[in-house]
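Here are some short exercises on reading a protein structure, each with a worked solution. Keep the viewer open and try each task before you read on.

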Amino acid sequence: MRLLLLLTSFFLVCIVSAQKSNYQALLLDKTLVENANAVVRLDEMKIHVEARNRMVYTVKQVVTVLNKMGNRYANPRVFYDSDKKIKHIEAYVYDKMGKEIEHLKKRDFRDVSAADGISLYIDDRLLAYSYTPIQYPYTMEFSYEVETIDTGVFPAWYFLSGYLASVEKSHYEITYASSDLKPVIKEYNLDDFPIEKEERNGRIVYTAQHLPSVKSEAHSPDYSSLVPKLLVRLEHFHYKGFDGDVDDWNQLGKWVNNSLLKGRTELSEATRTMARNLVSGIEDDLEKAKVIYEYVQDNTRYISVQIGIGGFRPISAIEVDRVKYGDCKGLSNYTKALLEAVGVDSYYTVVEAGPRKVDFEEDFADLRQGNHVILAIPYGDKYYWIDCTSQIHPFGFVGDFTDDRKVLVVKPEGGELVSTVAYNNEQNHQLTKAKFNVLKDGAISGKVVIATEGVQYDNRFTLEEKSKDKIGKHYKDYWSEVNNLNLHSYKFDNNREEIRFTEEVEVSAKNYASISGERILFAPNAFNKNSYVPQRYRNRKLPLEIQRGFLDEDVFEIAMPNGYAVEALPEDVKLETPFGTYTMELNYNSETNTLNYKRSFFLKKGTHPKEEYANYRNFRKKIASADNAQAVIVKTNL
């Protein structure tokens, strides 16, 4: 019997050793290492839905990090709150030979607030560990188990973790106790990948093996729209103390309004009176809304708690009024409460915010979509959108953070998917006017006026808040091709009503032009060169996407030095393509000895097949060449 136990123990040790030896980096398939910063050896999630208000899921991830760029894929962390408990968590680190070099237990993980320690959100916390590698490659094995009563936010699944990360094995498994707990699953991009699905009563399993990495390419669509993924939700769920039965966005919006938002806009009578006094004498609802918005901007501050971390229920308006800060949910709800106090309607709106436009899925209503909250104010036949976390944006302007995407507007009668205001193409306008002199020593000096609107306004209006040193640095960076730039004066006009930002600057630069004997060579386009040429791809894999266009117009009057006349000018340029247009005209006025330069560059929003990428690159290459083209002036005998 003793011999049998010894043999059993020996074989168990051998099995464990063999398992760990599988983590040797030398054993990796070469096709998975190619174009990869990390190889995900195993990505596994097993979810068991026991009841409407009870779900348990276990996760195991094994990642071999090949270089410094792959560290982001070995970042063990788990969020939790009072309704989500971490039952188990641990991690192992192995060297390139599969030898264990570190074992992390729960006590080794940092337990921190998800809101940077602000006491208002102490329920939202994070267990995390930041590993500092001493060599590459290494392997991180990370596992945890979570138990939660919140089933309204169901874990989604991405078979590929990100660009330049390949996958050996991916396993996603859901079991459910009864048919009414069967999840609704929406599949994306599965056909082009080796993914198998198995389904029988009470169990759904997806598995994938040997998924090569996807290489990022310039101007490609969003990563999540290209790779295989699953969105998952329950029709009958429990969230933050409320049961929900939801099949579409209308029902979800009604549930959010009647459950998560109910009673959250109550304010003290003193605060309501204060709000009414602010708008005393104002009849127009939109003007009232502007006053309230500006009050919130001036009297509150924003703390960052992503919507998926801090939950979907806002803190009460009374509490925000007391502490004068909140996250996007809290500040939006507080502003909504103040607007209610002065008789102005507004709607709590959930959006997927960020520089890339991401729409809500029209046929898949779930709480996981969206990472930010704004307000929609109905007025006439349109909505005015305000982001209550911004202390600087004009009323009704949201910039490229939440523009032109489908969002969930929460109304008492139900939810509605609506597209936010779009800033596209010509709306993103920049007009640059300049008058400058070219001097005999090659220097230039003059005045430049830049007026921006749309997203281009968003990129520049914060200049008025910056220090003199930072403003100087901005212009040296913006006109980086103008060497030895000196900024002599500047003046800004931020028209918050028309949402237009105007800059008037006086500048000079030594040695802008090149002197060759009796000739001076210089680029007439001194103040809006676009030298960008997209990366070349011999075998482009992904489509070309231009998410939002713009229109730049430039009018320059350039005075020549006395005793010089034009010898050669760049030819006029006119380009018309599916991606946009470009024109450049340059005329010489001999009477005034000036050059008149006119330029227009219009880039158009759109998506194009990968075969068009080379043509787009050629379009940008011609623009860069035209913008850098030089004029030649020569000394006369006069």
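**Exercise 1. Find how the axes of helix H4 and H5 cross, and which residues meet there.**

Solution. Bear in mind that this is a predicted model.

Step 1: Locate helix H4 at residues 269–278 and look at its axis together with that of H5; the two come within 9 Å and cross at roughly 125°.

Step 2: Classify the angle. Angles of 65 to 115 degrees count as roughly perpendicular and those over 145 as roughly antiparallel. H4 and H5 are therefore oblique to each other.

Step 3: Add the handedness: H4 passes H5 in a right-handed crossing.

Step 4: Pick out the residues. H4 brings Met274, Ala275 and Leu278, and these meet Val291, Ile292 and Tyr295 of H5. Sorted by class, the contact of H4 with H5 has six nonpolar residues, no polar and no charged ones.

**Exercise 2. Repeat the analysis for helix H5 and helix H7.**

Solution. Step 1: Helix H5 covers residues 285–299 and helix H7 covers residues 328–341. Their axes come within 10 Å, with a crossing angle of roughly 140°. That makes H5 oblique to H7.

Step 2: Here H5 passes H7 in a right-handed crossing.

Step 3: On the H5 side, the contact is made by Ala289, Ile292, Tyr295 and Val296. On the H7 side, Tyr334, Thr335, Leu338 and Leu339 take part. The count by class is seven nonpolar, one polar and no charged residues.

**Exercise 3. In which sense do strand S26 and strand S27 pair, and what lies in the turn between them?**

Solution. Step 1: Strand S26 spans residues 485–495 and strand S27 spans residues 500–509; they pair in the antiparallel sense over 10 bridges.

Step 2: Check one position: Asn486 stands opposite Ser508 in S27.

Step 3: Follow the chain from S26 to S27. The two form a hairpin with four residues between them. In the turn, Ile499 has a positive phi of about 55°.

**Exercise 4. Work out the strand order of the open sheet that four strands form.**

Solution. Step 1: Reading across, the order is S28-S29-S37-S32, and the pairing is antiparallel.

Step 2: Find the edges. Strand S28 (514–516) and strand S32 (564–568) each pair on one side only.

Step 3: Look at the twist: neighbouring strands of this sheet are turned by 30° against each other on average, direction ignored.

Step 4: Zoom in on one pair. Strand S29 (residues 519–522) and strand S37 (residues 631–635) run antiparallel and are joined by four bridges. Arg519 has Val634 in S37 as its bridge partner.

**Exercise 5. Do the same for the open sheet of three strands.**

Solution. Step 1: The order is S9-S14-S11, with antiparallel pairing. Strand S9 (157–158) and strand S11 (184–188) are the edge strands.

Step 2: Two bridges join S9 to strand S14 (residues 229–233). Trp157 stands opposite Leu230 in S14.

**Exercise 6. How many helices and strands does the chain have, and what percentage of its residues is buried?**

Solution. Step 1: Count the elements: 10 helices and 37 strands.

Step 2: Of the 638 residues in the chain, 51% are buried.

Step 3: For the dimensions, the C-alpha trace spans about 115 × 70 × 40 Å along its principal axes.

Definitions and conventions: Residues are numbered from 1 along each chain as its sequence is written. This is a predicted model: local features need pLDDT of at least 70, side-chain atom pairs count only at pLDDT 80 or more; totals for chains, interfaces and linings use all residues. Side-chain values use heavy atoms; hydrogens and water are left out. Axes are lines fitted to C-alpha atoms, for helices over the stretch in contact, and angles run from 0 to 180 degrees between N-to-C directions. Angles under 35 degrees count as roughly parallel, over 145 as roughly antiparallel, 65 to 115 as roughly perpendicular and the rest as oblique. A crossing is left-handed if the near helix is turned anticlockwise from the far one by less than a right angle, and right-handed if clockwise. Contact means heavy atoms within 4.5 Å. Ala, Val, Leu, Ile, Met, Phe, Trp, Tyr, Cys and Pro count as nonpolar, Asp, Glu, Lys and Arg as charged, and the others, Gly among them, as polar. Two strands pair if DSSP finds at least two bridges between them. Buried means under 20% relative accessible area, exposed over 50%, partly exposed in between (1.4 Å probe, protein chains only).
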